[in-house]
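Hi there,

Here is the structure I promised to pass on to you. Have a look at it first, and then read my notes below.

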Amino acid sequence: MATLLHLNVSPRGDTSTSRRAGQLVREQLAAHHGTLTVIERDLAASPLPPIDAAFTHANLAVAAGHADVDRAALALSETLIAELEAADVVLITSPMHNYTVPATLKTWIDLVVRPERTFAGTPQGKQGMLRDRPVLAVVACGGRFSDDAISQRDFFTPYLTYVMETIGLRRVDVVRLESTARGPEHVARAFDQLQGWCATVVPALLA
């Protein structure tokens, strides 16, 4: 039985496009790969605390190889990393806030991307220390994206891809559901796109 880590990010509850989209993706995953063990991490319902001095000092102490480390300050980070290590697939369902990841998701990233714990510094640059596994990200966007001058830019996709690769997760697939603030027709069109994306990505995911 495969294990799914599902990070839900939207604060909008039942009205959230990304949460509805996440449920659809989970149904598709189960249909193609059988019953999943799901680790739920709702970053909106249970926000993670911001990075503080205790975590920063302990994180740097571990990276430096010091024996005297405040392990309690790293306990939450270790829990989040353990959830990530247990997962065969990671699903992130999130809105896009101001062209990039919401603050709650950024906090999760800051707690799991740690030197000499999830990545190692080498002469060739940062090398991921976690086992590679697929990361699916469904991103709900109120506006649209294109190459013309007036369209907004997507910093979410390149940032998430880069930071996941830093810790060893190189199989990152992002789908943007665009123009979701422009009415039901646009939302319906976005879900048609999502269905097509699932049909392409999901069947071979755990092959």
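**What I found**

Let's begin with helix α4, which covers residues 103–112: its buried residues are Leu-105, Thr-107, Trp-108, Ile-109, Leu-111 and Val-112. Keep in mind as you look around that this is a predicted model. What do the buried residues of α4 pack against? Their partners are the strands β1 (3–8) and β3 (89–95), together with the helices α2 (53–63), α3 (75–86) and α5 (156–166).

Next, please find Arg-133, in the loop between β5 (125–128) and β6 (134–140). Arg-133 is buried yet has no salt bridge. The nearest side chain of opposite charge belongs to Asp-132, 6.2 Å away, and a salt bridge would need the charged atoms to be within 4 Å. What does the side chain of Arg-133 reach, then? One target is the backbone oxygen of Ala-87, at 2.9 Å, and another is the backbone oxygen of Arg-131, at 2.5 Å. Leaving aside residues up to four places away in sequence, Arg-133 touches Leu-84, Glu-85, Ala-86, Ala-87, Asp-88, Val-90, Leu-169 and Arg-171.

Finally, the cysteines. A disulfide is a covalent bond between the sulfur atoms of two cysteines. How many disulfides does a search of the whole structure find? The result is zero. Cys-141 is in no disulfide, and the nearest cysteine sulfur, that of Cys-198, lies 16 Å away. Cys-198 is likewise in no disulfide. Cys-141 is buried, with a relative accessible area of 1%, and Cys-198 is buried too, at 0%.

Enjoy exploring!

Methods
Residues are numbered from 1 along each chain as its sequence is written. This is a predicted model: local features need pLDDT of at least 70, side-chain atom pairs count only at pLDDT 80 or more; totals for chains, interfaces and linings use all residues. Side-chain values use heavy atoms; hydrogens and water are left out. Buried means under 20% relative accessible area, exposed over 50%, partly exposed in between (1.4 Å probe, protein chains only). Helices (H or I, at least four residues) and strands (E, at least two) are DSSP runs, numbered from the N terminus. Contact means heavy atoms within 4.5 Å. Lys and Arg count as positive and Asp and Glu as negative; His and the chain ends are not counted. A polar contact is a pair of N or O atoms within 3.5 Å; within protein, one must be able to donate a hydrogen and the other to accept it, and residues adjacent in sequence count only if both atoms are side-chain atoms. A disulfide is a pair of cysteine sulfur atoms within 2.5 Å.
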